[in-house]
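Trainee: I should be grateful for a close look at a single part of this model, with its elements taken in turn and set in relation to one another. Please begin with any region that ought to be read with caution.

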Amino acid sequence: MGINLRWSVKMNEWAPIAKEYDPLKAGSIDGTDEEPHDRAIWRAMLARYVPNKGVTGDPHLTLFVARLNLQTTEEKLKEAFSRYGDIRKIRLVRDLVTGFSKGYAFIEYKEERALLKAHRDANRLVIDQHEIFVDFELERTLKGWIPRRLGGGFGGKKESGQLRFGGRDRPFRKPINLPTMKSDLYGEGPVEKRERSWSREGVRDWRARDRDPERNREKRWLERERSWAWGESNRERERDSKEERSRGRERKDRERKDRERDRSRERDPKKQRDDDKHR
């Protein structure tokens, strides 16, 4: 009974996307680590980061766009992202000394619908031969945020040995000690049901956002969780499909080798009889 209760509590607390930034959890593939496993996590835990006060614009209408070609310009970004809605401002981050692009930018939309559509559809879009990464701005919207340069952030490459989980690029994996439960909240329920609930809540939220800011802030976060989870569920299906194909190929290889071994055994007695006759 006690174990089931603990599992229930953990299940209610678990989510693939972090709602608050914790460097210790971000360093764990399922968000359950109790001790940091690299020095960068220690550095992030000790950091006292304050978001840049010089940044202007509405953080809840701003996208973070990374992995850009260093030759990509503001004009090219505007051409690619204006298809999703009206853009208020594009800020391509450049080196203060050289003026060259650092490979990432921030795009602020005029409407939240355009923001959510771009977040859903523009991720992994190819611009100037580079597959880009798109996420919501987190510096001013995610409590406790620590940037990559201080040991925090999300994502990362395996070669660096400093992977960070809980973001869109690398969501938390479900802990193995939690029971498998389907949840409409994270895109695991019927597609038709999800689409109906999304469309209804989206319209309701858009018309009522000015009347109840606190309530609509929670709804905006819910919409963003669903948008994140939709992409993650697709990636999980792709991984499952690849694993299934791989297992199928291995099974066929084993069957082929077994058949060859059986044929070889059948030929050996015949060969032995022929040799005896010639003697």
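Mentor: The caution concerns residues 181–210, over which pLDDT stays under 50 and for which the model has 47 contacts beyond four places in sequence. Where pLDDT is low, the predicted coordinates should not be read in detail. The model is a predicted one, and its protein chain averages a pLDDT of 78, with 67% of the residues scoring at least 70.

The part I propose to examine is the sheet, together with the helices that lie on it. Four strands form this open sheet in the order β2-β3-β1-β6, and their pairing is antiparallel. At its edges stand β2 and β6; each has a single partner strand, so one side of each is left without a neighbour in the sheet. On average, neighbouring strands are turned by 20 degrees against each other, direction ignored.

Let us take β1, which covers residues 62–66, as the point of reference. Strands of a sheet pair through backbone hydrogen bonds, either parallel or antiparallel. With β3 (residues 101–109), β1 pairs in the antiparallel sense over 4 bridges, and Leu63 stands opposite Ile107 of β3. Another 4 bridges join β1 to β6 (residues 133–136), again with the two strands running antiparallel; here Phe64 stands opposite Asp135 of β6. Of the 5 residues in β1, 4 are buried, so the strand is largely enclosed by the rest of the structure.

The helices may now be added. Helix α4 packs on the sheet and touches β1, β2, β3 and β6, its direction making about 140 degrees with that of β2. In α4, which spans residues 74–81, the buried residues are Leu77, Ala80 and Phe81. Seen down the helix axis, these buried residues fall within an arc of 85 degrees, so they line one face of α4. The reasoning behind such a face is simple: an α-helix has 3.6 residues a turn, so residues three or four places apart point the same way. On the face of α4 turned away from the buried side are the exposed residues Glu75, Lys78 and Glu79. The cover over the buried residues of α4 includes the strands β1, β2 (87–94), β3, β4 (126–127) and β6, as well as helix α5 (112–121). Helix α5 itself lies across β1, β3 and β6, and runs at about 145 degrees to β6.

The aromatic rings complete the description. A pair of aromatic rings is described by the distance of the centres and the angle of the planes. The count comes to 7 aromatic pairs. One of them is formed by Tyr104 and Phe106, whose rings are edge-to-face, 6.2 Å centre to centre with 85 degrees between the planes. Tyr104 is partly exposed, with a relative accessible area of 27%, whereas Phe106, at 15% relative accessibility, counts as buried. In a second pair, the rings of Trp145 and Phe154 have centres 5.6 Å apart and planes at 55 degrees, so that pair is tilted. Trp145 and Phe154 are both buried, and ring pairs link them with Tyr21 into a cluster.

Key
Residues numbered from 1 in each chain as written. Predicted model: local features only at pLDDT ≥ 70, side-chain atom pairs only at ≥ 80, totals over all residues. Heavy atoms only, no water. Buried < 20%, exposed > 50% of the residue type's maximum accessible area, 1.4 Å probe, protein only. Pairing = 2+ DSSP bridges. Phe/Tyr/Trp six-rings, centres within 6.5 Å; stacked < 30°, edge-to-face > 60°. Arc of directions from axis to C-beta. Contact = heavy atoms within 4.5 Å. pLDDT = per-residue confidence, 0-100. Axes fitted to C-alpha atoms, helices over the stretch in contact; angles between N-to-C directions.
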